[in-house]
Every structure is written in structure tokens, then in C-alpha cells.
Amino acid sequence: MFDSIRSRTIILFLLFSGVPLLTTRLVGFPMIQKAFQATGIRDLESVGHKQGELISVWMKERKAHVTVMAGEYLINSFLRFNPGDKEYQELTSQLQSIRDNFGYKEISLADDQGKIRVSTREDLLGLSIAESDYFQEALKGNVFVTRVHPSAFPIQNESGEMERGVPTLLVSGPVRDDRQRVIGVVSLRVDVMALSREMCRVKLGGTGETYLVDENGYMITESRFASTIREMGLIKKRTALELKLVDPTTGQLTRGVQACLKGELGYDVEGYPDYRGVKVLGFWHWIPEYNWGLMSEIDVDEVYRDLYDLDRTLKAVAFAFVLVTVVVAVFLGRRLTAPILHLTEVARRMSSGDLHQRVGISSKDEIGALAESFDTMAETIENNIKEMQQLHSQRMSTIGHLSNGIAHHLNNPLSGINMCTDILLNELEKAKECAHSGEFKSQLSRLKATAQQLESVMKGLLSISRISNPEKSPNVLNKLIELILNKVANQSEASSVQLIKELSPTAPKVLGNPAQLEVAFMNLISNALDTLPRGGTLTVKTEHLANENKVGVTFTDTGSGINKKDLPHLFDPYFILKIRPSTRCTGLELALAQLTIQSHGGTIEADSQEGRGTTFKVKLPVYKEASPVEVSSRRL
């Protein structure tokens with residue numbers, strides 16, 4: 001794929017065009033993302049600190065109420081009043097007024113033994129709170145705030161019903177006499193729902209919330225998502241003291257709550273699953289005075305909504321840009337590289353033998369100049385080759401005439417020598433009584449063999465004269481190969497040589513002289529059979545070499561092979577006799593085969609390895625049938 005100049009052009013165009021977009025996505029987008037993260041955490045931190053200040057102020061007000069109440073006359077004199085006294089009624093009314101004005105659940109006064117002597121709830125009168133922590137701490141002279149805990153006896157819930165176990169919080173303080181001795185304890189039962197309402201005073205987006213968590217990981221205020229959490233089955237009535245802030249994916253406390261309970265001040269900018277399993281950003285800090293953790297959280301999707309929209313927009317723009325760029329790149333790639341590819345294709349066809357090819361591009365740019373230079377070069381090469389072919393034809397014709405003349409001049413004397421030799425041999429047969437007849441007969445036989453060998457050489461010379469201008473016609477090489485192999489079948493069987501045919505059914509026709517091609521192929525096969533031992537193999541293969549527009553014929557034997565240094569001289573006349581003296585050939589067979597193949601516009605190559613055999617590779621041009629227009633023009 002990358003070997004194509006068109007592909008490389010398109011890919012490079014895409015790469016350079018996509019660099020700005022890629023830079024924006026890889027560099028610009030992370031910077032924007034960090035800015036969004038910083039803004040989200042800054043908002044969370046601001047809300048968290050603001051909420052913490054509000055809770056601190058609110059709780060200080062509750063503690064101040066206890067201190068102020070404990071110093072009032074009716075309250076620090078409560079031990080002197082009895083339920084039927086006027087002062088007792090005034091005290092009760094005052095406590096109820098404070099309760100209603102400041103939203104407390106109840107206000108009670110207990111003596112130093114822990115017995116409730118005055119209360120806004122009559123059912124609590126006489127109840128002992130001596131064992132409670134808030135009584136013990138106040139008795140020591142401290143203003144004390146209890147942890148949020150389930151009520152030990154029924155109190156009014158958020159629906160106005162009396163319920164045991166409702167989350168409650170008490171603030172207590174000492175009641176002193178004129179001598180500053182602690183004579184009792186005043187306690188305020190704080191409405192936890194009021195604390196939850198304080199937590200909702202600061203808004204945090206559409207999905208943000210702030211809540212308080214105790215040291216055990218339970219939410220102690222009401223979540224703004226209480227109805228959703230109830231539908232999920234995480235709580236039955238309320239989130240305070242029912243909802244443990246557990247990550248549903250791990251079964252452990254959420255990452256933010258774990259960090260908060262360690263007393264850390266911090267935040268998580270990457271996001272973590274909250275108790276609903278929703279990924280949130282969180283900010284937290286620990287309030288050691290009350291052992292509360294304050295959590296501020298908001299859904300990641302809300303914080304990064306604009307960022308996600310930007311990301312989708314960038315992706316859509318990138319997709320559209322890439323699509324347009326691909327179309328433009330393909331169009332420009334084809335437009336720019338088409339002339340080069342056409343030039344390459346023309347060069348390939350010329351290299352395979354079609355010298356009539358021309359580029360024919362008339363543009364006025366550098367490509368046009370290159371095409372014009374290429375066409376000029378192609379025309380020059382074609383003319384030079386035509387001249388070389390004419391010179392070769394003239395040379396072959398001269399060699400043919402010379403060979404023909406030599407052959408004719410020598411054939412007649414050789415025929416006479418053969419004839420005289422035969423006559424003398426016949427006469428010797430008749431004159432048996434001659435003492436030297438055997439010796440004469442041996443000498444005459446050698447003379448006759450020499451004359452016959454010279455006649456074979458003369459036939460080879462005559463063959464050269466016929467090669468110069470062969471008459472050609474379309475031929476199917478497979479049929480020609482089949483015919484030759486049938487002729488040598490008996491010879492191969494006698495030598496126990498195996499003939500293997502691998503003839504391609506798609507091999508096209510070639511233009512040639514069938515008789516000359518038969519002689520050339522027969523010479524190559526005979527040369528192979530001459531070297532093969534018994535049990536050897538000769539493989540003849542044909543194939544269509546489409547890239548070269550040629551038909552290939554390969555002759556591979558498993559004979560003795562030829563030394564590499566002798567290969568360059570293999571087609572020299574009579575050279576084969578030097579390296580193979582025992583051969584039965586004349587020495588002209590391979591030279592004649594080469595001349596024949598070359599006269600048909602083909603090539604022949606030999607490859608051999610001593611001891612492993614030899615391969616002859618013949619390539620002949622594919623026959624191209626003339627179009628009707630060309631046929632008509634020839635007739636005219």
C-alpha cells in the first residue's frame with residue numbers, strides 16, 4: 001500500500017491537514033478540561049467552607065441559647081418552684097415560648113441528681129437523665145453538644161407523629177445559683193431537620209448537595225435525594241442515621257468519606273462513585289468540635305456537561321473535517337499522481353517490449369515537460385532498436401548467405417567422398433581374398449563417419465541460413481510442447497527418465513515459426529536428456545508472465561549441471577563439446593536455439609549448479625491480435 005506514490009500523497013496530505021485538529025484535541029482539550037476541573041473544585045470548596053461557617057454559627061447560637069437561659073432568674077431558681085406555683089407556671093410558659101421561637105423539640109431542667117423537674121413535655125417530668133453524657137458534662141460546668149443519635153423515647157418526627165428512634169441532638173449547660181454552684185442542668189433537644197435545612201441553604205447546582213457524616217460513616221442530615229434513595233431501597237424513612245455512605249461497587253465507604261473521617265481536608269478532581277453509584281466530584285473537611293464530617297459533592301456529568309458538549313462538538317467537527325479532507329485528499333492525490341502513475345505504466349509496458357507506448361500528457365507544468373522528454377526518449381529508443389533490428393537482420397542474412405554458400409560448396413565434395421567410400425567398401429566385400437581387406441575396411445569406415453559428421457555440421461550451417469527470416473504465425477506453445485514430448489517419449493523411457501509437464505491452461509499464443517521453435521525446444525530437451533542419469537527428471541513448464549506481457553517456457557533437469565564459470569559461454573558454438581566431450585550433439589544445438597529465440601523477439605537464460613541440474617528459461621512475446629481497424633488499414 002505504502003509503495004504507491006498515490007497512497008503516500010493521500011496519507012501525507014491527511015497527516016498535515018489533521019495536525020491542527022490533532023493538536024487541539026491532544027493539547028487544547030486537556031487544558032480546557034483542567035480549567036473545568038479547577039472551576040468545579042473551586043465552587044465545591046467555596047460551598048463547603050460557606051456551609052461549614054453556617055453550621056458553626058448555627059451551633060454556636062444553640063450553645064449561646066443554653067448559656068443565656070441558664071443565667072435567667074426563673075431558670076436558675078427552678079428548684080424553689082413547685083408545679084402549682086405561679087412562678088412554676090411562668091417558667092413553663094417561658095420555656096415553651098423559647099422552644100417555639102427557636103424551633104426546639106423540647107426544653108428540660110433537671111436537678112443535680114438528674115431528675116427532670118421542669119419540661120415543655122409533661123410526660124418527661126420525674127424522668128432521670130443522670131446516666132446521660134449530656135447531663136454528666138453539664139454537671140461538670142461545660143456546655144455540651146451530643147452526637148446525633150436515635151431518641152431513647154418517642155419524640156415528634158418530621159411528619160408530626162410520635163416515634164421512637166428519631167435522630168436527635170441535645171445541647172446542655174449547667175444551671176448555677178447565686179454562689180455559682182451547679183444546681184442543675186438545662187437541655188435543649190435540637191430538631192435535626194432544622195440542621196438539615198441549614199445544610200440546604202447554600203445551593204450547589206442541580207445535582208450538588210452538602211451533608212454531614214458521623215464518625216461511623218452514616219449521614220446525619222437529610223439528603224436532597226431522599227425520595228430517590230428511598231425508591232432505590234437504601235433507606236426506609238430518612239437518610240439521617242439510616243444511610244451508610246457506601247460505594248455500591250466496592251461495599252466500602254466512599255472515597256471522599258474515607259478521607260474525611262481521617263480528619264483530612266481535601267478534594268477529588270477525578271471523581272468517585274457516591275452512595276448512589278453516581279460519579280461525583282467531592283470536597284470535604286472534618287469538624288473536630290462535633291466529630292462531624294462535612295461533605296460537598298456534585299455529579300461529574302453536571303460539572304463537565306459543557307466540557308462533554310465541547311468534546312462532542314470537537315468530535316463532530318473532526319469527523320466532518322476528516323471526511324472532507326479524505327475526499328479532497330483522494331481527489332487531489334489522484335489529480336496530482338495520475339500523470340506520474342500513467343508515466344510509470346507506460347514505462348512498464350515499454351520495458352516489457354511494447355515500444356509503441358507514449359505518455360501523451362500535454363500539460364504546461366513540470367509533469368508535462370517530463371512527459372514530453374519521456375516521449376522523445378521513447379521515440380529515440382524505438383528508432384534505435386529498429387535500426388539495431390535492421391542491422392541484426394542484415395547480419396543474420398549475411399551469415400545465412402555465407403553459411404548457405406559454404407554448406408553448398410562443401411556438401412558436394414562430402415557427398416562424393418561418401419559415395420566413393422561406399423563403392424570401395426562394396427568392392428572390398430567382393431575381394432575377400434585380399435590380405436589387407438580388414439585394415440582397408442576399418443580406415444574407410446572412419447572416413448565415412450568423419451564425412452557424415454561434417455554433413456551434420458553443414459546441416460547446422462544451413463539451419464542458420466533459414467533462421468534469418470522465418471515465416472511466423474500464431475502458435476499455442478502448449479500444443480507444440482506436447483508434440484515434442486511425444487516424440488522423445490520413447491527415448492526417455494529407454495533411459496528411465498521421467499518427463500513432468502506443468503503446462504498453464506491460461507498461457508496465451510505467441511507469434512513464431514512452429515518448425516524453428518520445435519527445433520529450438522527439441523535441442524534444449526535433447527541437451528537435457530544427454531546429461532540425465534537413469535531415473536532422472538525433466539520438468540517442462542509454461543506460464544503467462546502478465547507483468548512482462550510474455551509467455552515463459554522453463555526446462556529443468558536433474559542432471560550433472562554446469563560449472564558457474566562456464567555458463568557465460570554455454571551458447572557459444574561448439575563450446576559444449578569442450579565441457580562435455582562424450583556428447584552426441586554437434587555443438588551447434590544451443591547456439592541455434594539461442595538464435596531462434598532471439599529471432600522471435602524472445603530471450604533465453606541458463607541457470608545451473610554443478611551436481612544439481614540445469615534450468616533453461618525461455619521468454620517469448622505474447623501474440624497481440626490486430627484490431628479490425630488495423631486489419632483494414634493493412635489491406636488498403
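Select Asn513 and Ala515, at the start of helix α14. A side-chain oxygen of Asn513 reaches to within 3.1 Å of the backbone nitrogen of Ala515. Keep in mind that this is a predicted model.

**Along α14**

Now select residues 514–531, the whole of helix α14. Count 18 residues. From the first C-alpha to the last, α14 reaches 26 Å, close to the 26 Å expected at 1.5 Å a residue. Is α14 largely enclosed or not? Turn on the surrounding residues and look. Buried means under 20% relative accessible area. Of the 18 residues of α14, 13 are buried, so the helix is largely enclosed by the rest of the structure.

**Three strands**

Next, pick strand β14 (residues 498–503) and strand β16 (residues 537–545). They pair in the parallel sense, over six bridges. For one example, click Ile500: its bridge partner in β16 is Thr539.

Add strand β17, residues 550–557. In which sense does β17 pair with β16? The sense is antiparallel, over eight bridges. Click Thr542 and find its bridge partner in β17, Val553. While a strand is on screen, look at its side chains. In a regular strand they alternate between the two faces of the sheet.

Now go to the turn. β16 and β17 form a hairpin with four residues between them. Asn549 sits in that turn and has a positive phi of about 55 degrees.

**Into the cores**

Select Leu91, Leu109 and Trp292. These residues have the most contacts inside the largest nonpolar core, which has 37 residues. Several elements each supply at least two residues of this core, among them α1 (5–70), α3 (86–102), β7 (167–176) and β12 (292–299). Which helix gives the most? That is α1, with six residues.

Another core lies apart from this one. It has 36 residues, including Ala528, Ile562, Ala593 and Val622.

Go back to Trp292 and show what it touches. Leaving aside neighbours within four places in sequence, Trp292 is in contact with Ile55, Met59, Val148 and Leu169, among others. Its contacts also include Leu195, His285 and Trp286.

**Zoom out**

Show the whole protein chain. It has 17 helices and 19 strands. Of its 636 residues, 41% are buried. Among contacts with a separation of 6 or more, 61% join residues 24 or more positions apart. Finish with the surface. The accessible surface of the chain comes to about 35200 Å², and 55% of that belongs to carbon and sulfur atoms.

Methods. Residues numbered from 1 in each chain as written. Predicted model: local features only at pLDDT ≥ 70, side-chain atom pairs only at ≥ 80, totals over all residues. Heavy atoms only, no water. Core = buried A, V, L, I, M, F, W, Y, C linked by side-chain atoms within 4.5 Å. Buried < 20%, exposed > 50% of the residue type's maximum accessible area, 1.4 Å probe, protein only. Contact = heavy atoms within 4.5 Å. Areas by Shrake-Rupley, 256 points an atom, 1.4 Å probe, with all protein chains shown as cover. Pairing = 2+ DSSP bridges. Expected span 1.5 Å × (residues − 1). Polar contact = N/O pair within 3.5 Å; in protein donor to acceptor, adjacent residues only side chain to side chain.
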